[in-house]
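Good morning, colleagues. Please take a moment to look at the sequence and the structure on the screen before I begin.

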Amino acid sequence: MSDGPAARFVIGPDSRPAFTRYARLHEDRARGRTVALAPERAYELDSIGVIVLSAIDGRISVRDLCAKLAQQYAAPVEVIARDVTALLQGLADKRLLRDGPDPFKRPALSDFARSITPYEGGPAGLLAELTHRCPLQCPYCSNPLELERANTELTAQEWGETFRQAAATGALQLHLSGGEPTTRRDLEDILAYAVEAGLYTNLITSAVLLTKERLARLAEIGLDHVQVSIQDIVPDNADRISAYDGGVAKKYDVARWTREFGLGLTINAPMHRQNIAHLPQIIDFAVAVDAQRIEIAHIQYYAWAQLNRAALIPTRETFLETVDVVEEAKKRLLGVLNFDFVIHDHYASRPKTCTGGWGKSIIAVTPSGKALPCHAAQTLPGLVFDNVRDRHLGEIWRDGAAFNAYRGTGWMKEPCHSCDRREIDYGGCRCQAFALSGDPAATDPACHLSPDHARFAAFAETESQAPAPAFVYRRYGGAATD
């Protein structure tokens, strides 16, 4: 149970480390390895790491563990102690270890999860968009402009079958998203299916609809981690951005309850022109609620964000200030708060890898069951998306036309085709390329080698200097402004 902001857990000889409730060892049979599962991460371990982490239980001290290993492997205890301490400190600084056993216990692995033999080459994660319903109307939402209606949504049982198929294809992480997933009255049933499938569960939520009692039920079922989205920490501005009143206070409560129940907590802070000045306060908020992670992501401009680009895009100078803020905070908060920082594409010179590479690591499923290689893939023309109601998820992953359209490097044009980074960034974002050039196979304009790069950068330089227009809010119908 959290008693407020954490201090860094420094591993010493008398420390008695144990995994937190939201981290654990996992045999990744699809990839022939053992990993430490954690919020939105799977840390691969070597054989020595597995031995050490299998032994920690919150009772044995580091001193006694090292003495035992030194005797077992006939190695100098000081060498063992150095390596063991380094391994444990690295995980402690990621907030995955605690001193003493965690009082919260998660459900044991189910018979189904123990019985499956996943095949190689499947996705590492599944993004399950349970619904497009949401009480917030954020103008940068990544949902499509044509939102899917509630009467088309997969049932809890259909989601359960999808989760079992995902686990059988090798998925480790499940992201329960939306819209707002807590609008689903059957969220508890959906979560129970996910836990039974053996997936690591992340609830991605605006938090404004959650009660303490419901969060307690989700924790009891086996939820691992909660990601709370923050529009701003200044209440009036947060209310204006989200078109929802009173969200900041509720987010504080939900974040505090999350830690009270021993769940992992990430604060998700999309950055843009309208909240960027408050980044230091947002980081302070994450520390105050004892989050382990904060995601500070400059938004990408497709779907609703593309409609609102001129209202959201910051100046280059303001963006660069966020780089300094994050770098300073990383040093100051080592072992207290971990940072995922996504830079602004319009001010970049190289593209980011889209979801780890198209059809390479992530599969997304929409509320109605369409399986996508990335959550924005429906913005691209000419792609046909299979539905999990009609076809096994593993077959879709392996053979689906949409998944193979931009998988690997064979589809690439120049300059990507001959670039020595083609198997590093895999051409960048297809949706961003199409949004600017009209060609989904074009080079991501964030790349300095793209013929569209100068025009892409010019949008930012021009629009960020002009007065911000009114928002086009994210809602069914979608044309209203503030």
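The chain contains 17 helices and 14 strands. Its radius of gyration is 23 Å, close to the 23 Å that the globule rule gives for 482 residues, so the chain is as compact as a globular protein of that length. I should state at once that this is a predicted model.

Let me turn to the overall dimensions. Taken along the principal axes, the box filled by the C-alpha atoms is roughly 65 × 50 × 45 Å. Of the 482 residues, 56% count as buried. Among contacts with a separation of 6 or more, 73% are made by residues 24 or more positions apart.

Next, the surface and the charges. The accessible surface amounts to about 19400 Å², and carbon and sulfur atoms account for 53% of that area. The chain carries 53 positive and 60 negative side chains, with the centres of the two sets 1 Å apart.

I close with three strands, β2, β3 and β4. Strand β2, residues 24-28, runs antiparallel to strand β3, residues 33-38, and 5 bridges join them. Within this pairing, D28 has R33 of β3 as its bridge partner. The two strands form a hairpin with 4 residues between them, and G32 in the turn has a positive phi of about 60°.

How many bridges link β3 to strand β4, residues 41-45? There are 5, again in the antiparallel sense. Here A38 stands opposite R41 in β4. This second hairpin has 2 residues between its strands, and E40 in the turn has a positive phi of about 60°.

How values were computed:
Residues numbered from 1 in each chain as written. Predicted model: local features only at pLDDT ≥ 70, side-chain atom pairs only at ≥ 80, totals over all residues. Heavy atoms only, no water. Rg over C-alpha atoms; globule rule 2.2 N^0.38 Å. Buried < 20%, exposed > 50% of the residue type's maximum accessible area, 1.4 Å probe, protein only. Contact = heavy atoms within 4.5 Å. Areas by Shrake-Rupley, 256 points an atom, 1.4 Å probe, with all protein chains shown as cover. Lys, Arg positive; Asp, Glu negative; His and termini not counted. Charge placed at Lys NZ, Arg CZ, Asp CG, Glu CD. Pairing = 2+ DSSP bridges.
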